[in-house]
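Student: Could we go through this model together, asking at each step what entitles us to the term we use?

Tutor: Yes, and we will set each computed value against the rule behind the term.

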Amino acid sequence: MMRLFKDIKNVVILLLLLLFFIQIPQENIRFVLWILTGVLFAVITDLAIYYTQHKKLFLPKSAIITGFIVAGIISFQEPFWMTILFPIIAIAAKHVIKIHHKHFLNPANTALFIATLFNISLSWSLESNIYILIIAGLYFVYRLKKWGHILGFFIPLSVLLLLRGTNPLLMISWFFLFIMLIEPKTSGIGFLRGLIFGTIASLSSFVILIFIPQYDFFVFGLFITNLCNPLLDKLFSSPR
Amino acid sequence: MRTQKIRLLLGLLLVTLSICVQAAPKIKICKIQASQFKFMPSTITVNKNDHVRMILTSTDVTHGFKLEAYDINTKIEKDKKTVINFVADKVGTFPFICSVYCGSGHRSMKGTLIVK
């Protein structure tokens, strides 16, 4: 059991499964098929690409997580082919869009960014229980040492939302905060870098919210922030 | 003779007006208020071929209104009225959702349009 928790990806997958099962009674069979299809195609794509390059198979935990996130955020009322296409886009983006042989865009978020640009509804269905998300999320932050990211995002955005007369505790997506923002490979390490990363995400999200709210401002903001990764890498001269 | 002509014209005018009134489509006005995290009312019922005018308002943040079956997707800004017009030419039960992220309860902002 302890071995299971040693790899944080296992814990993330367990959390996503739990959130999925919690949401099922409130939805219908289409929701179940939607999520499972998204995960399946993310896994197939990752395995196919990896096998082509390395002639080996492996358990694609990252792809499972990506599949859950993409399928769990895009509205399952959208045409069914979208839960096939966008997980494929996410995994392809991870393998194709690289600098110095490393991907710098959060794969799931990249696919969601493309989806929101095309006015595809993001319903965030997998954000089914914020209390479980917050408890698990704080554990992830502790394990991954992402306090800078969380503070850098939460504080400025909360202040800006309060100035606008909006309750930040109702407005902030806890799923985004604790699952997407702190994704290890593309969010950088170190408290200061995390603080800057989080602040950029916070401010860009707020600007999108004010000026073009028809686009999902969290997804858009994180995409903009990911684009700053090459510059942040140079400034901090540390690997992500 | 002149009086007869006037009476004839008035009669024609009345007939024309009554035809126009009968031919004019019935406009069903529906007011929907969006707030974190619900639509009020969440169920709208209209008849087939009703000309529906939906007046959408938000009490707090920007929401969205997406009715896939009628290809409607619009944002609802706080303190502004969003008006959408369409003809309910399809019978059935059609879901609508909030299409602009409005907070942690966004996923539960749904409603139903029933066309009888």
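Tutor: A helix here is a DSSP run of H or I with at least four residues, numbered from the N terminus. Keep in mind throughout that this is a predicted model.

Student: What makes α8(A) a helix, and what does α8(A) give to the nonpolar patch?

Tutor: The element α8 of chain A spans 147–163, and a DSSP run of H or I counts as a helix once it has at least four residues. From α8(A) comes the largest share of the nonpolar patch, 5 residues.

Student: Why is the group with A:Trp147 and A:Phe191 called a nonpolar patch on the surface?

Tutor: A patch of this kind takes residues with over 30% relative accessible area and no salt bridge, and joins nonpolar side chains within 5 Å. The residues that form the patch are A:Leu138, A:Tyr139, A:Tyr142, A:Trp147, A:Leu151, A:Ile155, A:Val159, A:Leu163 and A:Phe191, with about 920 Å² of accessible area together. Two or more residues come from each of α7 (130–144) and α8 (147–163) of chain A, while A:Phe191 has its place in helix α12, residues 191–211 of chain A.

Student: How do you know that B:Lys110 and A:Glu27 form a salt bridge?

Tutor: The rule asks for a side-chain nitrogen of Lys or Arg within 4 Å of a carboxyl oxygen of Asp or Glu. For B:Lys110 and A:Glu27 the N to O value is 2.7 Å, so the pair satisfies the cut-off of 4 Å. This pair crosses between chains, from A:Glu27 in the loop between α2 (8–23) and α3 (29–54) of chain A to B:Lys110 in strand β9 of chain B, residues 110–115. Between chain B and chain A the count is 2 salt bridges, and a search of the whole structure finds 8 over all chains.

Student: What makes up the interface of chain B and chain A beyond salt bridges?

Tutor: Across that interface the rule finds 10 residue pairs in polar contact, both residues at pLDDT 80 or more. By class, the side of chain B that touches chain A has 7 nonpolar, 7 polar and 5 charged residues. In all, 19 residues of chain B are in contact with 27 residues of chain A, and the two chains bury about 1,800 Å² between them, 49% of it on carbon and sulfur atoms. On the chain B side, B:Tyr101, B:Ser104 and B:Arg107 lose the most area to chain A, together 40% of what that side buries.

Student: Why is the peptide bond from B:Gln36 to B:Phe37 called cis?

Tutor: The omega of that bond is near 0°, and the bond is cis; B:Phe37 sits in the loop between β1 (27–35) and β2 (38–40) of chain B. A cis peptide bond also joins B:Met40 and B:Pro41, with omega about -5°. Most peptide bonds are trans.

How values were computed: Residues are numbered from 1 along each chain as its sequence is written. Chains are lettered from A and ligands numbered from 1 in the order in which they are written. This is a predicted model: local features need pLDDT of at least 70, side-chain atom pairs count only at pLDDT 80 or more; totals for chains, interfaces and linings use all residues. Side-chain values use heavy atoms; hydrogens and water are left out. Patches are made of residues with over 30% relative accessible area and no salt bridge: like charges are joined within 9 Å, nonpolar side chains (Val, Leu, Ile, Met, Phe, Trp, Tyr) within 5 Å. Accessible areas come from the Shrake-Rupley method with a 1.4 Å probe; for residues, only the protein chains shown count as cover. Contact means heavy atoms within 4.5 Å. Buried area is the accessible area (1.4 Å probe) that two parts lose on being put together, summed over both. A polar contact is a pair of N or O atoms within 3.5 Å; within protein, one must be able to donate a hydrogen and the other to accept it, and residues adjacent in sequence count only if both atoms are side-chain atoms. Ala, Val, Leu, Ile, Met, Phe, Trp, Tyr, Cys and Pro count as nonpolar, Asp, Glu, Lys and Arg as charged, and the others, Gly among them, as polar.
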